[in-house]
Amino acid sequence: MTTSSTTPATSSSTTSTDASGILPAELEDLVTLFDVRATDSPTPDAERAAALESPRFGTVFTDHMARVSWRQGDGWLDRRIEKYGPLQLDPATAVLHYAQEIFEGMKAYRHADGSVWTFRPDANAARFARSAHRLALPALSVDDFVGSIAALVRTDVDWVPSGEDSSLYLRPFMFASESFLGVRPAAEVEYLVIASPVGPYFAGGVKPVSIWVAEDYHRSGPGGTGDAKCGGNYAASLLPQTLAQEQGCDQVCFLDATTNTYLEELGGMNVFVVMADGSVHTPELTGSILEGVTRSSILQLVADRGHAVVERRIPLAEVVSGLADGTVREIFACGTAAVITPVGRLAGTTFDSTVGDGEPGELTMAIRGELTDIQYGRAADRHGWMRRLA
Ligand code: COI
């Protein structure tokens, strides 16, 4: 268990990798490594403006994508920005059979002066490297990761929206592209970044969501891939997520696979519990939980406010009884896409509890406001989290 009231939590996820971050002058050099092969049929301005008005999450994509190829023996080759479009894959492409794939989620934010920034890209690059290691994929350097993001955002800078809660969602991913049915790490790999203008992740905006706690399904077990950001984890969450919706809930929450006792995370978000004494608790990183960049940033912001932050194993039974007797005051979920989302109801086969009065919690919304103010340039970036891209 990690407890802190004045210093950031001490898990590996909260160690700031930004201290070794890339300086603006270095970023220029990294961007020039990418050969821009611009599309000859860019989206007309009026069509793009219409697409930017209220895009549903993950449905609209920009004109270009970043791409780098890897061959065993040659390493990473052919850094380029090319026209966004379908990939041609042989039916024997390894990723289609054995799911050797990883991804990241990031955002580019337009500030009031028109400049475009991203949040802690070094942390995403570090997690991408950890995920690559777990999935036996080649490591991509922080330089190539950040350079690809910056080169794509600069090429498609007109696609970065400026509205409230709007951003350009960035999806770096890497997959086994070799055509081969043997079960071994692929000798050919592709890395791409695609970009999608987005508004709020949930169609209803920032409203409390309801959560169903899955008792029959787990997302990951000890020694599994739970702390890697790989497609397989999300595939495993889809059936339980569907069952949660059949129970009238918005999202599913998983318990640990060993004892079916402790909260782990939602299908695509980490979870926090705010106690009546003001302390803020989140499941500790046991190897089966994603080391969220938003999660670690929240731990820092909460500690900055003088709250005790506690990373520990949190029994579901304690949360359910705490909701009944008032010792649990707020619950919220977090991730890059959803930012911070209040939880208004927690249900399972033997309980159905309202969180507080069912409305967004005070601390939940205060931290959400503080985080988004930093991301959108409305508040000082006191931790040096923001990187200017354009
Ligand atoms: C994110 O929050 O960016 C994620 O990757 C979660 C989800 C959209 C898959």
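Where does the ligand lie with respect to domain 1 and domain 2?

## Between two domains

Let's start with the answer: the ligand lies between domain 1 (25–200) and domain 2 (204–375), because both of them give residues to the shell around it. Please keep in mind that this is a predicted model. As for the surface, the ligand sits in the largest pocket.

## The shell around the ligand

The residues around the ligand are worth picking out in your viewer. F103, G105, Y169, R171 and Y201 belong to this group, as do K229, Y234, G268, G335, T336 and A337. Sorted by class, the shell comprises five nonpolar, four polar and two charged residues.

## Polar contacts and burial

Three of these neighbours are worth a look for their distances to ligand oxygen atoms. In the side chain of Y169, an N or O atom is 2.6 Å from an oxygen atom of the ligand. K229 also uses its side chain, with a polar atom 2.8 Å from a ligand oxygen. For A337 the backbone is involved: one of its polar backbone atoms is 2.8 Å from an oxygen atom of the ligand. The protein buries 87% of the 280 Å² that the ligand exposes when taken alone.

## Enclosed space

Rolling a probe the size of a water molecule over the atoms reveals where empty space remains. Here, the structure has four cavities of 30 Å³ or more. The largest cavity holds about 150 Å³ of space, and its lining is made up of 20 residues. Nearest the centre of that cavity are P200, Y201, A338, V339 and R368. Y201 is thus a residue to check twice, as it is also one of the residues around the ligand.

Technical notes
Residues are numbered from 1 along each chain as its sequence is written. This is a predicted model: local features need pLDDT of at least 70, side-chain atom pairs count only at pLDDT 80 or more; totals for chains, interfaces and linings use all residues. Side-chain values use heavy atoms; hydrogens and water are left out. A residue is near a molecule or strand if one of its heavy atoms lies within 4 Å of it. A polar contact is a pair of N or O atoms within 3.5 Å; within protein, one must be able to donate a hydrogen and the other to accept it, and residues adjacent in sequence count only if both atoms are side-chain atoms. Accessible areas come from the Shrake-Rupley method with a 1.4 Å probe; for residues, only the protein chains shown count as cover. On a 1 Å grid over the protein atoms alone, a cavity is a set of points where a 1.4 Å probe fits but cannot get out, and a pocket is an open set with protein on both sides within 12 Å along at least five of seven lines; lining residues have an atom within 4 Å of a point. A molecule sits in a cavity or pocket if more than half of its atoms lie within 2 Å of its grid points. Ala, Val, Leu, Ile, Met, Phe, Trp, Tyr, Cys and Pro count as nonpolar, Asp, Glu, Lys and Arg as charged, and the others, Gly among them, as polar. Domain bounds come from an automatic or database domain assignment. Grid points are joined across faces, edges and corners, and a volume is the space filled by probe spheres set on the points.
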